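Here are my notes on the model you sent round, set out as numbered points. They begin with the chain as a whole and then turn to individual residues.

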Amino acid sequence: MFNEAEVKDIAPCGTYCGGCPAYLCKDNPELLEQVVAKGLKREDLPCPGCREHKGKCAFTNGDCATYDCVQQHKVTFCFE
């Protein structure tokens, strides 16, 4: 199986949160301003990743059915 460190930045659907501007802006104030200019709320940034947010994504502005399903079935990723 996978350990927590291996999956920390990978959403249950397989999306790599570690490459997302909402996640990366934590280390880049200029990027933070760009992300806010795109319409994301400053208070939601930086995004810690899907798993940390319990399936809530700053870009989709809602709950993730894939995250909920993975939790319900007690698996790490959707493909399982």
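**Notes on the predicted model**

1. Of the 80 residues in the protein chain, 31% are buried. The coordinates come from a predicted model, and the remarks below should be read in that light. The accessible surface of the chain amounts to about 5500 Å², and carbon and sulfur atoms account for 54% of that area.

2. On the overall fold, the chain has four helices and zero strands, so that a reading from the N terminus gives the order α-α-α-α. Taken along the principal axes, the C-alpha atoms fill a box of roughly 40 × 25 × 15 Å. Among the contacts with a separation of 6 or more, 44% are between residues that lie 24 or more positions apart.

3. The largest nonpolar core has 11 residues, namely Cys20, Ala22, Tyr23, Cys25, Leu31, Leu32, Val35, Leu40, Leu45, Cys47 and Ala58. Two elements, helix H2 (21-24) and helix H3 (29-37), each give two or more residues to this core, and H3 gives the most, with three residues.

4. Ala22, a member of this core, deserves attention for its contacts: leaving aside neighbours within four places in sequence, Ala22 is in contact with Val35, Leu40, Leu45, Pro46, Cys47, Ala58 and Phe59.

5. Val35 belongs to helix H3 and counts as buried because its relative accessibility is 4%, where the limit is under 20%. Beyond the residues up to four places away in sequence, Val35 touches Pro21, Ala22, Leu40 and Leu45. A further distance concerns Val35 and Ala58, which are 23 residues apart in sequence and have their C-alpha atoms 10 Å apart in space.

6. Is Leu40, which could be read as a loop residue, buried or exposed? Leu40 is indeed found in the loop between H3 and helix H4 (65-73), and it counts as buried because its relative accessibility is 11%. Once neighbours within four places in sequence are set aside, the contacts of Leu40 are with Ala22, Val35, Leu45, Ala58 and Phe59. Between Leu40 and Cys17, which are 23 residues apart along the chain, the C-alpha separation is 16 Å.

7. Leu32 is another core residue that is found in helix H3. With neighbours within four places in sequence left out, Leu32 is in contact with Cys25, Arg42 and Leu45. For the pair Leu32 and Arg42, 10 residues apart along the chain, the C-alpha atoms are separated by 8.1 Å.

8. Which two residues are joined by a cis peptide bond? They are Leu45 and Pro46, with omega at about -10°. Pro46 is placed in the loop between H3 and H4, and Pro46 is also one of the residues in contact with Ala22, while Leu45 is itself listed in the largest nonpolar core. I would ask that this peptide bond be mentioned explicitly wherever the backbone of the model is described.

9. Two lysines should be noted for their backbone angles. Lys54 has phi near 55°, a positive value in a residue other than glycine, and Lys54 is found in the loop between H3 and H4. Its relative accessibility is 56%, so Lys54 counts as exposed, the limit being over 50%. Lys74, also not a glycine, has a positive phi of about 55°; Lys74 lies in the segment after H4 and is exposed because its relative accessible area is 73%.

10. As for pockets, the largest has a volume of about 230 Å³. The lining of this pocket comprises 18 residues, of which Ala11, Thr15, Cys17, Cys50 and Cys57 are the closest to its centre. Sorted by class, the lining holds 11 nonpolar, five polar and two charged residues.

Technical notes: Residues numbered from 1 in each chain as written. Predicted model: local features only at pLDDT ≥ 70, side-chain atom pairs only at ≥ 80, totals over all residues. Heavy atoms only, no water. Core = buried A, V, L, I, M, F, W, Y, C linked by side-chain atoms within 4.5 Å. Buried < 20%, exposed > 50% of the residue type's maximum accessible area, 1.4 Å probe, protein only. Contact = heavy atoms within 4.5 Å. 1 Å grid on protein atoms, 1.4 Å probe; cavity = no way out; pocket = protein on both sides within 12 Å on 5 of 7 lines; lining within 4 Å. Points joined across faces, edges and corners; volume = space filled by probe spheres on them. Nonpolar A, V, L, I, M, F, W, Y, C, P; charged D, E, K, R; others polar. Areas by Shrake-Rupley, 256 points an atom, 1.4 Å probe, with all protein chains shown as cover.
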